[in-house]
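Visitor: Could you take me slowly through the empty spaces in this protein and the place where its ligand sits? I would like to see which parts of the chain form the walls.

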Amino acid sequence: MLNDKKVLYSGMQATGKLTLGNYLGALKNWVTLNEEYECFFSVVDMHSITVRQNPTELRKKARDLLILYIAAGLDPKKNCIYYQSHVSGHAELMWILNCYTYMGELNRMTQFKDKSRKNEDNINAGLFTYPVLMAADILLFQSDVVPVGADQMQHLELTRDIAERFNKLYGDVFTVPEAYIGKTGARIMSLQNPEKKMSKSDENPNGSIYLLDDTDTIIRKFKRAVTDSYSEILYRDEQPGIKNLIDIYSAVTNKTPGEIEKEFDGKGYGEFKLAVGEAVASTLKPLQDRVAELSKDKAYIDSIIKENAEKANYFATKTLRKVQRKVGFPDRIR
Ligand code: TYM
């Protein structure tokens with residue numbers, strides 16, 4: 001609880017190009033929830049280096065992502081939008097939490113298994129302990145709620161287990177966070193393979209809608225989306241491609257799957273795909289315009305980065321000092 005408001009925390013990696021999955025599964029919900037909570041949104045650049053990055057590109061992508069948060073409608077005066085690497089408390093708390101997390105727990109993480117398979121030549125210790133850094137992000141701010149897509153649920157469960165374990169040993173140190181998974185858009189699938197989640201790291205660019213894709217590209221990708229031969233627009237597991245398109249359309253129009261089935265009853269897949277493409281393009285266009293506009297204002301963005309890093313550091317240090325004391329580190333002499 002901060003200023004009588006519950007605390008909300010979330011973050012995204014500044015890696016690859018952000019997709020419609022990131023927007024519908026996370027960012028869109030952040031915008032709807034932000035008034036209700038005291039919010040912290042980080043660009044998790046420390047997580048990004050678990051996979052090799054080009055330093056110049058990482059710096060640029062991190063800045064673009066921070067701008068995107070603001071462009072999506074998060075007021076940086078009310079929401080603390082900052083770079084994870086600017087708050088050293090993340091790494092410090094992570095070290096402590098590493099000592100309260102078991103190898104067996106980390107071994108079970110499906111994202112670790114997936115990423116190890118994809119990066120066989122670089123299975124580094126950071127990739128393995130990545131979920132502990134995520135737990136540190138969340139616990140450092142005494143977060144009550146963490147809005148994420150369904151793929152992050154396992155990391156959230158681990159965060160809760162670590163917090164509860166720590167609290168059992170040392171009293172009520174951490175708030176035990178709850179995940180917030182949106183009603184729509186929690187798992188957006190690839191347009192080329194509806195069995196696989198839409199992902200920044202997908203090799204086939206036609207499987208993902210990138211947030212900065214132009215209208216023609218968006219419509220072309222939807223037209224090519226893999227469907228089936230049922231020729232019926234129904235929301236059911238036997239039609240994963242169509243189900244995914246209904247989920248996307250539902251998330252951008254706020255219509256329910258039932259309403260969408262009715263709207264397109266008797267209509268062809270071509271017409272439906274075009275409608276989804278147009279709806280997505282008209283959702284993303286204002287966002288893209290705002291990103292372009294904000295990117296020009298270097299002084300404003302720099303001031304936000306500075307102010308919010310200070311704010312985040314202030315709150316992070318409060319928790320960190322408490323934790324350091326609990327585990328027995330000597331007091332600082334002032
Ligand atoms: P990341 O960067 O992979 O994804 C950012 C957010 O987007 C959601 N998401 C999706 N939602 C629906 N459908 C999809 N296809 C899809 N793809 C991605 C993710 O669930 C996530 O909410 N480890 C995290 C970042 C992180 C974090 C945190 C999140 C680090 N520390 C603390 C919350 C709190 C990650 O790699 O997300």
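**The walls of the spaces**

Guide: The lining of the largest cavity divides into 5 nonpolar residues, 2 polar ones and 1 charged one. Please keep in mind that this is a predicted model, and that the values I give are computed from it. The count comes to 1 cavity of 30 Å³ or more, and the volume of the largest cavity is about 50 Å³. Its lining is made up of Met-109, Gln-111, Phe-112, Lys-115, Leu-127, Tyr-130, Pro-131 and His-155, and if you follow the chain you will find that helix 6 (110-118) and helix 7 each supply at least two residues of that lining.

Helix 7 (125-140) also leads us to the ligand, since this helix, strand 1 (7-12) and helix 1 (20-33) each give at least two residues to the shell around the ligand. That shell holds 26 residues, among which Tyr-130, Asp-137, Gly-149, Asp-151 and Ile-188 come nearest. Tyr-130 is therefore worth finding on the display, as it belongs both to the lining of the largest cavity and to the residues that come nearest the ligand. By class, the shell has 12 nonpolar, 10 polar and 4 charged residues.

Some of the contacts can be followed atom by atom. A polar side-chain atom of Asp-137 is 2.7 Å from a nitrogen atom of the ligand, while a backbone N or O atom of Gly-21 lies 3.1 Å from a nitrogen atom of the ligand. For Asp-151, a polar side-chain atom lies 2.4 Å from an oxygen atom of the ligand. The ligand taken alone exposes 710 Å², and 97% of that is buried by the protein.

Now turn to the second largest pocket, which holds about 340 Å³ of space. It is lined by 17 residues, and Gly-16, Lys-17, Leu-18, Asp-64 and Leu-212 lie nearest its centre. By class, this lining has 8 nonpolar, 4 polar and 5 charged residues. Helix 3 (55-71) and helix 12 (269-295) each supply at least two of the lining residues, and the largest share, 5 residues, comes from helix 3. The pocket lies between domain 1 (6-180 + 298-327) and domain 2 (205-293), because both domains give residues to its lining.

Terms used
Residues are numbered from 1 along each chain as its sequence is written. This is a predicted model: local features need pLDDT of at least 70, side-chain atom pairs count only at pLDDT 80 or more; totals for chains, interfaces and linings use all residues. Side-chain values use heavy atoms; hydrogens and water are left out. A residue is near a molecule or strand if one of its heavy atoms lies within 4 Å of it. A polar contact is a pair of N or O atoms within 3.5 Å; within protein, one must be able to donate a hydrogen and the other to accept it, and residues adjacent in sequence count only if both atoms are side-chain atoms. Accessible areas come from the Shrake-Rupley method with a 1.4 Å probe; for residues, only the protein chains shown count as cover. Helices (H or I, at least four residues) and strands (E, at least two) are DSSP runs, numbered from the N terminus. Ala, Val, Leu, Ile, Met, Phe, Trp, Tyr, Cys and Pro count as nonpolar, Asp, Glu, Lys and Arg as charged, and the others, Gly among them, as polar. On a 1 Å grid over the protein atoms alone, a cavity is a set of points where a 1.4 Å probe fits but cannot get out, and a pocket is an open set with protein on both sides within 12 Å along at least five of seven lines; lining residues have an atom within 4 Å of a point. Grid points are joined across faces, edges and corners, and a volume is the space filled by probe spheres set on the points. Domain bounds come from an automatic or database domain assignment.
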